[in-house]
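Student: Could you take me through one part of this model in close detail, and then connect that part to the packing, the pockets and the ring pairs elsewhere in the chain?

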Amino acid sequence: MFNNIQTDYQLHLAWKNGARYFKGNYLQNPVKEFISRYTLKEKFRSECQHFISAEKKQLVLKFEEMKNLQKKISTIIEEVKPSSNNVESLLQLSKRIEGYAFRFYICNEEGFQTSPNILYKDGEWNVQNNAIGKNWSWRPYFLFNIIKMRNDEKGQLSAVYSDIETGELTRTYSMAINNKEFVFVDITYDYLYEHNIVN
């Protein structure tokens, strides 16, 4: 139950967060006796229809932004053709995705990292060779995503999560670069925020 609803924004917030019961002056001023259960039915239906329309518009915009991001990055990766054992190709990729990403790396189908981390820090891209050999298969979604990418033959953008090293919210774009290797690109919070795809 959400109490003390005074504005349409508060009503929308309650609706968006799964409220079952709503209470407040915005809906009905207090009276001494119980009102009919149908008194607010039309008002509430109209408000909800407005919320549904607004949410659908936001979701369509967010979906389009996510599709655009995926297309831009996949096009760059296909053009650069990065390779685990070719640091020059990794650095070439870093220059092309600088506006989108703060880190990327390549893993094999078993989750072992085959490339260094390429990390953007203090205004430049750094090669972190100590990341080679790390295994990411322990993440609950990792192996499922590998199989999905192999079968669908397209990249995918993860849900929002908090990066373990930076603590910032991010999404990871991943795609197959050949039959056995997959690139993972961590998107900057700034890009997500500016394009309204943080959550």
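Tutor:

**A loop residue and its surroundings**

E110 sits in the loop that runs between β1 and β2, the latter spanning residues 117-121. The model is a predicted one, and every value below is computed from it. Leaving aside residues up to four places away in sequence, E110 touches N135 and S137. With L157 the relation can be given in two ways, since E110 and L157 are 47 residues apart in sequence, while their C-alpha atoms are 19 Å apart in space.

The strand before this loop, β1 (101-108), is itself preceded by a loop after α3 (87-96), and that preceding loop holds Y100. Ten aromatic pairs are found in the structure, and one of them joins Y100 to Y191 in an edge-to-face arrangement, with 5.4 Å from centre to centre and 70° between the planes. This pair links distant parts of the chain, for Y191 belongs to helix α5 (residues 189-194) and lies 91 residues from Y100.

Turning to the helices, α1 (residues 8-16) packs with α2 (residues 41-80) at an angle of about 70°, and their axes are 10 Å apart. Because an angle from 65 to 115 degrees counts as roughly perpendicular, α1 is roughly perpendicular to α2. On the α1 side the contact is made by D8, L11, H12, W15 and K16, which meet F44, E47, C48, F51, I52, E55 and Q58 of α2. Sorted by class, this contact has six nonpolar, two polar and four charged residues.

Some residues of that contact return in the second largest pocket, whose lining includes K16, E55 and Q58. The other lining residues are L59, K62, N196 and N199, and α2 gives the largest share of the lining, with four residues. This pocket holds about 190 Å³ of space, and its lining divides into one nonpolar, three polar and three charged residues.

The largest pocket, by comparison, has about 670 Å³ of space. It is lined by 22 residues, of which F22, K23, L27, I35 and L40 are the closest to its centre. By class, the lining of the largest pocket consists of eleven nonpolar, seven polar and four charged residues.

Technical notes:
Residues numbered from 1 in each chain as written. Predicted model: local features only at pLDDT ≥ 70, side-chain atom pairs only at ≥ 80, totals over all residues. Heavy atoms only, no water. Axes fitted to C-alpha atoms, helices over the stretch in contact; angles between N-to-C directions. Helix = DSSP H or I, 4+ residues; strand = E, 2+ residues; numbered from the N terminus. Parallel < 35°, antiparallel > 145°, perpendicular 65-115°, else oblique. Contact = heavy atoms within 4.5 Å. Nonpolar A, V, L, I, M, F, W, Y, C, P; charged D, E, K, R; others polar. 1 Å grid on protein atoms, 1.4 Å probe; cavity = no way out; pocket = protein on both sides within 12 Å on 5 of 7 lines; lining within 4 Å. Points joined across faces, edges and corners; volume = space filled by probe spheres on them. Phe/Tyr/Trp six-rings, centres within 6.5 Å; stacked < 30°, edge-to-face > 60°.
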